[in-house]
Amino acid sequence: MELEAKLESNGIVKSGSHINHLLIKMKTPPANTDQQRQPLVIGLVIDKSWSMKGDKIESTIEAACSLVNWLTRNDYICVIAYSADVQIVQPLTQLKDKLSVIDKIKAIQVGTSTNLSGGWLQALKIIESSQIPNAYKRIILLTDGQATIGIKEPSQFNQIAKDHSGRGISTTTIGFGADFNESSLRDIALSGGGNFYFVSSPEEASGIFFREFGDIGSLYAQAVEVKLRLTPGVRMLEMFNDHPVDVNDDGTVNIQAGDIRSDDLRSIVISLEVNSDINPDLNNFIDVNLSYYNLMDNMKLNTATKKITAQYVDREILPDNEVVIERLIYSSAKTLIKVARLLGDGETDTARTLLTTAIDRLEDNLKLSPEQLNPVLTRLKNMTLKLKENASLAGKHIMAMGTDIYSRVEIIDSGVETHDKIFEYKINGDIDLYRCPDIKAVVQAQMKDGYKFIIFDLIDTRFIDSSGIGTFIQISSWLRRRGGEFIVVNIVDTVKKVFEVTRLENHIRVASSISEARDIIETIIISLRR
């Protein structure tokens with residue numbers, strides 16, 4: 001993983017106190033196509049309380065079954081369903097018999113109350129006791145309400161999530177519908193090193209599971225930690241990200257940055273106060289130390305360091321635009337999270353004012369980088385419409401939107417200039433575990449040449465296994481993050497059946513022919529140019 005760090009201004013005014021900002025960037029390499037990823041150990045925890053009856057539980061079961069099909073035979077899963085009781089639907093098992101697991105999931109029936117802590121703790125216990133070397137362990141916790149039995153205190157939830165994250169088990173939370181507490185679920189995910197999602201309707205459930213699988217299926221590093229040593233005279237005022245952070249008595253700063261995927265670029269922005277009257281050591285201004293467990297290298301502990309120096313100037317110099325832009329983006333995300341919490345507390349007017357101020361700030365600075373700031377500005381404006389439509393539900397949309405901006409992923413193109421040409425690739429034969437590395441290598445080579453629109457012709461493919469499904473999901477993610485699209489064509493009946501069973505057709509574009517796929521891409525290109 002590459003580590004970069006720089007100040008908004010490395011020119012320090014000689015007297016008085018001044019505000020500066022630090023940008024830290026972490027870049028991960030593409031997935032190693034010659035190496036099979038570490039096994040995933042998934043604990044799926046499903047709310048089966050009475051409020052989940054009907055479309056909610058049906059769509060959740062369907063999405064859970066799809067997740068089982070997307071995982072490979074090398075992965076493991078346990079399934080817990082909870083209401084007033086806690087039901088072990090499927091003890092931890094390697095996915096060699098997916099049909100048996102799916103049948104058990106389909107048999108889940110709704111109960112009464114919501115023993116969220118009971119279901120979650122049962123899954124944590126099972127996963128923690130597993131003896132699977134070098135595996136990545138994650139709980140996916142879904143609920144449509146608030147805990148009515150067992151632990152109810154948010155601080156206890158957060159401590160459980162933090163403790164288990166420190167022991168290598170992360171927790172993702174999914175809130176379904178209008179009645180759950182978005183602040184509580186997001187805090188669990190934040191403390192637990194996972195993701196937070198909002199499912200507003202049953203139709204969205206499968207897409208959320210698809211996003212989560214795309215995230216964990218391409219992970220590069222776990223337990224990413226950034227430590228800062230600040231020279232005397234420099235102290236941290238604010239972090240614009242929302243990672244857990246501790247400031248020690250000696251002024252050092254520890255940031256728990258969670259997990260990171262392959263082909264990822266993550267940024268951290270921190271506000272600093274610099275007191276020049278204390279004569280800070282400009283040659284040893286800030287030390288940035290990065291550590292993480294490398295999932296692509298048998299969970300080996302890797303480290304990287306970066307030293308930042310500064311110089312005295314007579315007056316403030318022009319800031320580094322990249323740092324300013326990143327600060328604007330992450331401060332917008334932070335504002336959305338704050339707005340969502342205010343709405344949860346019933347402070348609608350204050351929330352609306354804060355959102356308007358964030359929009360004004362982006363509009364005032366839009367000229368710095370319209371390409372990067374306009375999408376964020378559009379999202380903020382869309383949230384004002386949500387607020388007008390339904391203030392109680394808007395908080396959930398806004399919390400999810402802030403989370404999305406925080407976790408925005410940029411594919412590492414190493415300066416590659418993309419274009420609108422289409423790469424067409426005909427796969428000869430079946431797609432299984434042994435073919436996947438070659439297929440990924442082909443796509444990565446084309447992406448280095450600037451391609452973002454790719455068509456796969458599967459006319460000669462009669463079989464695709466779960467590794468192939470995972471590869472397709474990963475390729476789709478790569479291209480969409482670049483603003484492109486992945487389309488498969490000419491799928492025969494046997495492959496079509498796999499797409500239908502795994503619900504892959506709901507997430508990856510399928511066309512009947514090369515010409516139809518080209519037309520779809522042309523429509524996308526025209527819409528992007530408007």
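How are helices α3 and α4 oriented to each other, roughly parallel or roughly perpendicular? In this predicted model, the axes of helix α3 (residues 116-128) and helix α4 (residues 154-166) cross at roughly 10° and come within 12 Å. Angles under 35 degrees count as roughly parallel, and α3 and α4 are therefore roughly parallel to each other.

**The pair α3 and α4**

Two packed helices are described by the angle between their axes and the distance between the axes. The residues that meet can also be listed. On the side of α3 they are L116, S117, W120, L121, L124 and E128, and on the side of α4 they are F157, I160, A161 and H164. Sorted by class, this contact of α3 with α4 has seven nonpolar residues, two polar residues and one charged residue.

**Helices α6 and α7**

The length of a helix can be checked against the number of its residues. Helix α6 (residues 205-216) has 12 residues, which at 1.5 Å a residue should span 16 Å; the C-alpha atoms at its ends are 17 Å apart, which agrees. Helix α7 (residues 321-344) has 24 residues, and the expected span at 1.5 Å a residue is 34 Å; its end C-alpha atoms are 35 Å apart, and this too agrees.

Where does α6 stand with respect to the rest of the structure? It is largely enclosed by the rest of the structure, because 10 of its 12 residues are buried. The buried residues of α6 are A205, S206, I208, F209, F210, E212, F213, G214, D215 and I216.

Helix α7 is mostly covered, with 17 of its 24 residues buried. At the start of α7, the backbone nitrogen of E322 has a side-chain oxygen of D320 within 2.9 Å. Just after α7, G346 takes a positive phi of about 85°.

**Individual residues: place and accessibility**

The following table lists five residues with their place and relative accessible area.

| Residue | Place | Relative accessible area |
|---|---|---|
| K56 | helix α1 (residues 55-70) | 19%, buried |
| D75 | loop between α1 and β5 (76-82) | 0%, buried |
| A223 | strand β10 (residues 219-230) | 34%, partly exposed |
| T252 | loop between β12 (245-247) and β13 (253-261) | 17%, buried |
| M299 | loop between β15 (286-294) and β16 (300-308) | 19%, buried |

Buried means under 20% relative accessible area. K56, at 19%, therefore counts as buried.

**Contacts of K56, D75 and T252**

Leaving aside neighbours within four places in sequence, K56 in helix α1 is in contact with S51, D144, F176, G177 and P202. The C-alpha atoms of K56 and A147 are separated by 18 Å, and the two residues lie 91 residues apart along the chain.

Which backbone atom lies 2.8 Å from a polar atom of the side chain of D75? It is the backbone nitrogen of L40. D75 itself sits in the loop between α1 and β5, and its relative accessible area is 0%.

T252 has its place in the loop between β12 and β13. Its side chain is joined to the side chain of N248 by a polar contact of 2.7 Å. A polar contact of 2.7 Å also joins the side chains of T252 and D250. Not counting residues up to four places away in sequence, T252 touches L228, R229, D246 and V247.

**Positive phi angles**

Most residues other than glycine have a negative phi, and most peptide bonds are trans. Against this background, A223 in strand β10 may be noted: its phi is near 55°, a positive value in a residue other than glycine. M299, in the loop between β15 and β16, also has a positive phi, near 60°, and is a residue other than glycine. As to accessibility, A223 is partly exposed at 34%, whereas M299 is buried at 19%.

**Strand β3 and residue I19**

I19 lies in strand β3 (residues 17-27). Which residues does I19 contact, leaving aside its neighbours within four places in sequence? They are L237, S271, L272 and E273. I19 and G483 are 464 residues apart in sequence, and their C-alpha atoms are 36 Å apart in space.

How values were computed:
Residues numbered from 1 in each chain as written. Predicted model: local features only at pLDDT ≥ 70, side-chain atom pairs only at ≥ 80, totals over all residues. Heavy atoms only, no water. Axes fitted to C-alpha atoms, helices over the stretch in contact; angles between N-to-C directions. Helix = DSSP H or I, 4+ residues; strand = E, 2+ residues; numbered from the N terminus. Parallel < 35°, antiparallel > 145°, perpendicular 65-115°, else oblique. Contact = heavy atoms within 4.5 Å. Nonpolar A, V, L, I, M, F, W, Y, C, P; charged D, E, K, R; others polar. Expected span 1.5 Å × (residues − 1). Buried < 20%, exposed > 50% of the residue type's maximum accessible area, 1.4 Å probe, protein only. Polar contact = N/O pair within 3.5 Å; in protein donor to acceptor, adjacent residues only side chain to side chain.
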